[in-house]
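Got the viewer open? Let's take a walk through this model, one selection at a time.

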Amino acid sequence: EESVSELTDRIYSQSVLNHLYTTARQVMTTELKLYERVREKRKGRDVQWLKTVVSSVTLNDKMAALTLLVQESPIHTLVTIDHFLNMAMKKSKRESILAIDTFKELWIADLLPEDRKLKSLQQRPLQQLVASTGRGKGSCDFRLLLIWYYEDQLKTKYARFIATLQKLLHDPVAEIREKILGV
């Protein structure tokens, strides 16, 4: 049975965690806006070309453009990762399999840490957010929070990817099941 003190600590911890998620989302939104402005100034034509390719042309070109976006700066491409997830869940088996194959390679080469499992925000030593600034009480290391939030979101998206693979393992078409088993 949980004591009043333990219950209070858990509620307080959840409140702090909720506040950190809200703050992290705000920091991520600000970071993405800044990144887009800098990117468009630096690579204006390339950015426009990639946006055009992602929104219109052939499936293979679209996959290549999305892959380039993720490889360019993974931390800034959570929305692009969502595009891959949505494509993997499409009813069109060709699009789904192509997205899964491409996405699998991205996970291995660019997104997953090589030496450990992904961690959620609540698995992190949250006191380190304040300690690492060296500025005292109330100060937060927003860069570290941004990185931890990104990894938290990546972990959620990876779980969705695995759930999609599991769902496709029950596909009535044997070729689809075999292809998924190879992933």
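Start by selecting α4 and α5: α4 passes α5 in a left-handed crossing. Keep in mind that you are looking at a predicted model. α4 covers residues 78-88 and α5 covers residues 93-111. The two pack at an angle of about 145°, and their axes are 8 Å apart.

Now show the side chains where these two helices meet. From α4, pick I81, F84, L85, M87 and A88. From α5, pick E95, S96, A99, I100, T102, F103, L106 and L111. Colour them by class and you should get 10 nonpolar, two polar and one charged residues in this contact.

Next stop: the core. Which residues have the most contacts inside the largest nonpolar core? Select I81, F103 and L111, and you have them. That core has 40 residues. In soluble globular proteins, nonpolar side chains tend to be buried together.

To see where the core comes from, colour the helices that give it two or more residues: α1 (4-42), α3 (59-72), α4, α5, α7 (142-168) and α8 (174-181). Of these, α7 gives the most, with 10 residues.

Stay with L111 for a moment and bring up its surroundings. Leaving out residues up to four places away in sequence, L111 touches V70, P74, I81, F103, L106, Y150 and L154. Two of the core's best-connected residues, I81 and F103, are in that list.

Now move to α7 and click on K157, which lies in this helix. Is K157 buried or exposed? K157 counts as buried because its relative accessible area is 8%, under the 20% cut-off. Look for D82 too: the side chains of K157 and D82 are joined by a polar contact of 2.8 Å. Setting aside neighbours within four places in sequence, K157 is in contact with L78, I81, D82, L85 and W107. I81 turns up here as well, having already appeared in the contact between α4 and α5.

Finally, zoom out and show the whole chain as a cartoon. You'll find eight helices and zero strands, so to speak a plain α-α-α-α-α-α-α-α pattern along the sequence. Switch to a surface view with burial in mind: of the 183 residues, 38% count as buried. For a last look, draw the contacts between residues at least 6 apart in sequence; 62% of them join residues at least 24 apart.

How values were computed
Residues are numbered from 1 along each chain as its sequence is written. This is a predicted model: local features need pLDDT of at least 70, side-chain atom pairs count only at pLDDT 80 or more; totals for chains, interfaces and linings use all residues. Side-chain values use heavy atoms; hydrogens and water are left out. Axes are lines fitted to C-alpha atoms, for helices over the stretch in contact, and angles run from 0 to 180 degrees between N-to-C directions. Helices (H or I, at least four residues) and strands (E, at least two) are DSSP runs, numbered from the N terminus. A crossing is left-handed if the near helix is turned anticlockwise from the far one by less than a right angle, and right-handed if clockwise. Contact means heavy atoms within 4.5 Å. Ala, Val, Leu, Ile, Met, Phe, Trp, Tyr, Cys and Pro count as nonpolar, Asp, Glu, Lys and Arg as charged, and the others, Gly among them, as polar. A nonpolar core is a set of buried Ala, Val, Leu, Ile, Met, Phe, Trp, Tyr and Cys residues joined through side-chain atoms within 4.5 Å. Buried means under 20% relative accessible area, exposed over 50%, partly exposed in between (1.4 Å probe, protein chains only). A polar contact is a pair of N or O atoms within 3.5 Å; within protein, one must be able to donate a hydrogen and the other to accept it, and residues adjacent in sequence count only if both atoms are side-chain atoms.
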